[in-house]
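Hello,

Here is the structure for you to look over. My notes come after it.

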Amino acid sequence: MSTYREIIGKKIKKVSSDPSSGLDGQMWYNSTTGNLRGLAISQAWSSSSPLITARGRNQGAGTQTAGLSFGGMNPPTLYANTEEYNGTGWTTGGALPTTIFDHAGDGTQTAAFSAGGQPTDPGSATTATCSYNGTSWTSLPALSTARKKITGLGASSTAALVFGGQIEPPGASTNASEEYSGSSWTTGGTLNSVRSKSAGAGTQTAGLGFGGYMPSSGPGSPGKLANTETYDGTSWSEVNDMNTARDGLGGFGTQTSALGAGGNSGSQSTATETWDGTNWTTSPATLGTATVSMSSAGTTSEGWIAGGYNPPGATGANTEEYNSSLNVIIAGAWASGGNLNTARYENGGTGSQTAGLTSGGGEPSYSNKTEEYDGSSWSNVTAYPISTRGMGAAGTQTSALFWGGDSPPGATITTTNEYDGSSWTSGGALTYDITTGGTGGTGTQTAGLMIAGYHKPENTAVAYVQEYNGSAWSANPNAYPTATFSVVQTGTATAALAAGGETPAPATPTNSFEYDGTSFSAGGALIEATVNAGAGGIQTDAITMGKSNNSRPTAVQGYNGTSFSTRPSISLGRAQMASGKNASPAATAWFAGGYTTTVVANTEEFTGETTAGNIKNFSTS
């Protein structure tokens, strides 16, 4: 018998504690616990950032880090929307030529195809097909037969295969296939089972079809299918069935290594099965939410599903990622933190998730209360010198800068105050007396930055840019591109990000701008207009949460230095809250207080996605 050292080339080490990570095949003996330990393969689904638009009966393509979801419906609304996935969140892509659902699709993020489906509801199936180049969709030659609830697979938009589905009249399913070579569709092999709403994996010459629904028409007994068939580019062959018959399931992978998940097996399912080229095996991984008729794509080591219908029939925007690896993926998520001692909104905020600071705000009356956060609870500390709200803030818990705002009877002020962790001292006065709207300001106590704002008594938005050097404010002659207030701001005084706001009220732009310490340049557009929002992170890794006074969704947007994409949602939508801004990295962002339909004291904390080795005990016998 071969020894571990002969197979792996290393001996089993004796350690008193487990390593923080390990390598494939590595094992060790933990002398403290008396266990032989090592890394084992983990199969698991984890939550990710939601789609921008909730929908089901959509299609997917690509990989876990370069995905595509397109079309679909959320009754009675039909969509032509395309969304692109970067492994972290979704951003807007080019729209399909028309609304479509129950269509076929596959390929890559830069070479995907859509074929067939139903463009209107009620309505008939279509023969229309199109391809996506990473930016826009282009019409392709039509299918020979119009059909919906059709399945597609293929490595690209020029080597596609579609099969099954329903043709007109409604309910008449088919076992026909069609292949696309890059110039035209031609008849392919005939399935052994008539089916619709099935899943597929693989390529045009090495395909796999599984699950689905067989109506009363056609050969065989009607009902949900467990049947699996392989395609060699010419003909379909029956192989071993899935363990559970189902339709409307997600699927991805190759002909010899595939995965099927969710779907309807009589009720909406969370079950996952993996295919090894011969047999299906029920996986220990289950979806977090039972889902049917969703988009999906990926490989059997890394894949995803997005959208679909969740019990009891609600349309979802949720995204889940599948990983089969030596690591356990811990999804990024928001969690409740300790409540403020005093509920308030338009409070200034700065500092980190474990050393936060907030002051002022409205209760709804003007406040001067200051609180410090230690990562679990807020404590009242020395009050701000004046009662005010809508102030700007920057710095850390022990070296903070707060300024401006308005105070009774509503006049804006030029006051600046510095905080050293125990007391407040006066700083240099603002050049312009403006309020930030509760979101403005970033930087440090010795290099503060305030972008745009609101000026009273004229009640107008301004484009002023003011900078603080530790003792005095100065106006930058390069003004913000547009007079705006309640602008989201984060980053540093020489590498800042500003986005959204109101200009003029109640218009809410989606613009973002990057600041280099001298001038502004255009950044990526927000997914949706944002005003009175919290923020965290740096110019190339930022996060913003919350929306406007009239609409307070739970949506969160992240910025990677180029574009905005979705992030995990907050639990309570709100506006005008304190947040850490640049002192709190995007992966550890926080916010506290704010306004829903009333003033709130809630704190929420973000933890970005992390990975850890899947360490298991092994038998020594």
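Below is what turned up, pocket before sheet.

Keep in mind that this is a predicted model.

**The pocket**

The largest pocket has a volume of about 590 Å³. Its lining is made of 38 residues. Closest to the centre are Gln59, Gly105, Gly152, Gly251 and Ser296.

Six strands are worth highlighting in your viewer. Two or more lining residues come from each of β5 (59-62), β11 (104-108), β15 (151-156), β21 (199-202), β27 (250-253) and β31 (295-298). Strand β15 gives the most, with 5 residues.

What is the chemical make-up of the lining of the largest pocket, by nonpolar, polar and charged residues? The split is 9 nonpolar, 24 polar and 5 charged. Glycine is counted as polar here.

**The sheet**

Now to a later part of the chain. Four strands form an open sheet in the order β56-β57-β58-β59, and their pairing is antiparallel. Strands β56 (534-538) and β59 (564-567) stand at the edges. Each has a single partner strand, so one side of each is left without a neighbour in the sheet. On average, neighbouring strands of this sheet are turned by 20 degrees against each other, direction ignored.

One pairing can be followed at residue level. Strand β57 (residues 541-545) pairs with strand β58 (residues 556-559) over 4 bridges, in the antiparallel sense. Ala542 has Tyr559 in β58 as its bridge partner. In general, strands of a sheet pair through backbone hydrogen bonds.

Best wishes

Key
Residues numbered from 1 in each chain as written. Predicted model: local features only at pLDDT ≥ 70, side-chain atom pairs only at ≥ 80, totals over all residues. Heavy atoms only, no water. Pairing = 2+ DSSP bridges. Axes fitted to C-alpha atoms, helices over the stretch in contact; angles between N-to-C directions. 1 Å grid on protein atoms, 1.4 Å probe; cavity = no way out; pocket = protein on both sides within 12 Å on 5 of 7 lines; lining within 4 Å. Points joined across faces, edges and corners; volume = space filled by probe spheres on them.
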